[in-house]
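These are my notebook entries on one protein chain. I looked up its contacts, its strand pairing and its charged side chains, in that order.

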Amino acid sequence: DDIIYVMPMQERREGAPNEADEQLPSFQLYNEDKVTLTTRVARLDTGLALVESPPSLTQRLVTDILIVSLDGDSVEVRSSFLVYLVRDESNAASIVGRRLDRLRFYGDSFKVTRREVTLAHFILPRAISVFL
């Protein structure tokens with residue numbers, strides 16, 4: 001219920017970085033909670049989300065999983081991912097990046113309470129309509 005899903009975007013400009021660049025506010029492609037995530041899923045389920053009509057074939061690879069910290073009832077885990085999306089012969093895309101997840105123990109399993117996604121891309125390969 002208290003999930004936070006964020007995806008800050010990295011800004012790249014020509015030339016060497018300077019102090020002013022460090023003070024720029026970060027742009028969040030996603031900054032969502034349970035309510036907005038639920039709305040997003042409901043929108044995709046309507047069939048009116050043109051970016052996923054028809055739905056893409058999706059293959060996910062999650063690698064380099066590393067426990068960063070363990071704190072009482074939660075654990076912080078870093079991983080790398082590759083998501084390959086195919087709509088037809090001429091529309092395929094790969095999305096690559098890292099995730100930093102905070103997972104809370106619930107009985108015999110975990111629930112995600114925070115996910116921060118950092119893309120390796122500076123220009124998105126397509127509209128991102130899948131959860132990374």
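**Entry 1. Contacts and overall composition**

I began with contacts between residues at least 6 apart in sequence; in the protein chain, 54% of these join residues at least 24 apart. The model is a predicted one, and I keep that in mind in each entry. I then asked how many of the residues are buried: of the 132 residues in the protein chain, 28% count as such. For the exposed surface of the protein chain I noted about 9100 Å², of which carbon and sulfur atoms supply 56%.

**Entry 2. Order of elements**

I listed 2 helices and 6 strands in the protein chain. Read from the N terminus on, their order is β-α-β-α-β-β-β-β.

**Entry 3. Confidence**

I looked up the mean pLDDT of the protein chain and found 83, with 80% of the residues reaching 70 or more. Which element has the lowest mean pLDDT, and which the highest? Helix 1 (residues 19-22) has the lowest, at 64, and strand 3 has the highest, at 94. Where pLDDT is low, the predicted coordinates should not be read in detail. I therefore do not read helix 1, with its mean of 64, in detail.

**Entry 4. Strands 3, 4 and 5**

I turned next to the pairing of strands. Strand 3 (residues 57-71) and strand 4 (residues 74-88) run antiparallel and are joined by 12 bridges. Within this pair I located leucine 66, which stands opposite arginine 78 of strand 4. The hairpin of strand 3 and strand 4 has 2 residues between the strands, and glycine 72 takes a positive phi near 60 degrees there.

I then followed strand 4 to its pairing with strand 5 (residues 91-106), which is antiparallel and extends over 14 bridges. These two strands also form a hairpin, with 2 residues between them. As one bridge partner across strand 4 and strand 5, I recorded serine 94 in strand 5 for tyrosine 84.

**Entry 5. A salt bridge between strands 4 and 5**

Side chains of opposite charge can pair when their charged atoms come close. I counted 7 salt bridges in the structure. In one of them arginine 102 pairs with glutamate 76, and the closest N and O atoms are 3.3 Å apart. Arginine 102 lies in strand 5 and glutamate 76 in strand 4, so the salt bridge ties together parts that are 26 residues apart in sequence. Is each partner buried or partly exposed? Arginine 102 is partly exposed, with a relative accessible area of 25%. Glutamate 76, at 19%, is buried, because the cut-off for buried is under 20%.

**Entry 6. A salt-bridge network**

Which residues are linked in a network of salt bridges? I found Arg99, Asp101 and Arg115. The side chains of arginine 99 and aspartate 101 meet at 3.5 Å, N to O, and both residues are buried. Arginine 115 forms a salt bridge with aspartate 101 as well, with the closest N and O atoms 2.7 Å apart. This pair links distant parts of the chain, with arginine 115 in strand 6 (residues 109-119) and aspartate 101 in strand 5, 14 residues apart. I checked the burial of this pair too: arginine 115 and aspartate 101 are both buried.

Methods: Residues numbered from 1 in each chain as written. Heavy atoms only, no water. Helix = DSSP H or I, 4+ residues; strand = E, 2+ residues; numbered from the N terminus. Buried < 20%, exposed > 50% of the residue type's maximum accessible area, 1.4 Å probe, protein only. Contact = heavy atoms within 4.5 Å. Areas by Shrake-Rupley, 256 points an atom, 1.4 Å probe, with all protein chains shown as cover. Pairing = 2+ DSSP bridges. pLDDT = per-residue confidence, 0-100. Salt bridge = Lys/Arg side-chain N within 4 Å of Asp/Glu carboxyl O.
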